[in-house]
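Work through the exercises below with the model open beside you. Try each task before you read its solution.

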Amino acid sequence: MIATLKTIVSLLFLAVFLSCQSQNTVVKSKNQVAAVVDDTTFVNLKDYSTDFVYDMKYATKDNFLKAKVYDCAECYLRLKTVKALIAANQEFMKKGYRIKLFDCYRPLDIQKKMWKIIPNPIYVADPAKGSIHNRGGAVDITLVNKRGRELDMGTTFDFFGTEASHDYDNFHPKVIDNRLLLKTIMTQNGFSFFDSEWWHYNLKTALKDKVSNEKWDCE
């Protein structure tokens, strides 16, 4: 009887596990205990891939704000954004490139801090409305080659001028090709682009997610 009950319990547990697996992603934490993570959960990209390059500008003063607004350089995103970004990066790596990240999820408190420094919607999204960065569905990126050198995109990251637009074509053909490569593979993997910023991409399925103020610990 006890053996039978154990068998029934085991079968029930397996059924629940498989049901969760079909809807969510089963991951292992550092202590290797299995956990179910929903696609909208905020996760650290580094825990899912080591194939990215990082230059988190707002964790330094090397940005248009001239101020450090993040306590530490981490790239958190919703899990569904991470999945799409990894898929895109795998396509880039087949061509000899990798994604370099400038910014990822941005807590609402950070958005407010940026708005306090430059309260101009041309440069900073109004925190009263929030941005896709605040929803965990946006990334600011470029591409690097096998030597880690950034591809020429015509302007630097966070250049506020017409030259940063996808429609601007007064560049050397190689620059246009580089931007087109970035846009093509990102859009093929579920992202949309921002017309005036060649570096900014939004996950389409994240546009209606809630603005968040989720924080992370700095180690």
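Two strands pair if DSSP finds at least two bridges between them. Helices (H or I, at least four residues) and strands (E, at least two) are DSSP runs, numbered from the N terminus. This is a predicted model: local features need pLDDT of at least 70, side-chain atom pairs count only at pLDDT 80 or more, and totals for chains, interfaces and linings use all residues. Residues are numbered from 1 along each chain as its sequence is written, and side-chain values use heavy atoms, with hydrogens and water left out.

**Exercise 1. Place strand 9 among its neighbours.**

Task: find how strand 8 and strand 7 each run relative to strand 9.

Step 1. Take strand 8 (residues 191–194). Four bridges join strand 8 to strand 9, and the two run antiparallel. The connection is a hairpin through two residues. Within this pairing, F193 stands opposite Y201 of strand 9.

Step 2. Turn to strand 7. Three bridges join strand 7 to strand 9, again antiparallel. Here A138 has N202 in strand 9 as its bridge partner.

Step 3. Check burial. Buried means under 20% relative accessible area, exposed over 50%, and partly exposed in between (1.4 Å probe, protein chains only). Seven of the seven residues of strand 9 are buried, so strand 9 is largely enclosed by the rest of the structure.

**Exercise 2. Map the largest nonpolar core.**

Task: state which elements give two or more residues to this core.

Step 1. Fix the term. A nonpolar core is a set of buried Ala, Val, Leu, Ile, Met, Phe, Trp, Tyr and Cys residues joined through side-chain atoms within 4.5 Å.

Step 2. Size it. The largest core has 50 residues. Those with the most contacts inside it are L85, F92, I99, L101, V139, L182 and M186.

Step 3. List the contributors. The helices are helix 2 (79–94), helix 3 (108–117) and helix 4 (173–188). The strands are strand 3 (42–44), strand 5 (76–78), strand 6 (98–103), strand 7 (138–144) and strand 9 (197–203). Helix 2 gives the largest share, seven residues.

Step 4. Zoom in on L85. Contact means heavy atoms within 4.5 Å. Not counting residues up to four places away in sequence, L85 touches L45, F52, L77, I99, L101, V139, M186 and F191.

In soluble globular proteins, nonpolar side chains tend to be buried together.

**Exercise 3. Sort out the disulfides.**

Task: work out the pattern that the disulfides follow along the chain.

Step 1. Count. A disulfide is a pair of cysteine sulfur atoms within 2.5 Å. The rule gives two disulfides.

Step 2. Examine C72 and C218. Their sulfur atoms are 2.1 Å apart. The S-S torsion is about -80 degrees, so this disulfide is left-handed. C72 lies in the loop between strand 4 (53–54) and strand 5, and C218 in the segment after strand 9, so the pair ties together parts 146 residues apart in sequence. C72 is buried at 16% relative accessibility, whereas C218 is partly exposed at 38%.

Step 3. Examine C75 and C104. Their sulfur atoms lie 2.0 Å apart. The link is left-handed, with -95 degrees about the S-S bond. C75 sits in the loop between strand 4 and strand 5, C104 in the loop between strand 6 and helix 3, 29 residues apart. C75 is buried at 1%. C104 is buried at 1%.

Step 4. Count bonded cysteines along the chain. The pattern is 1-4, 2-3.
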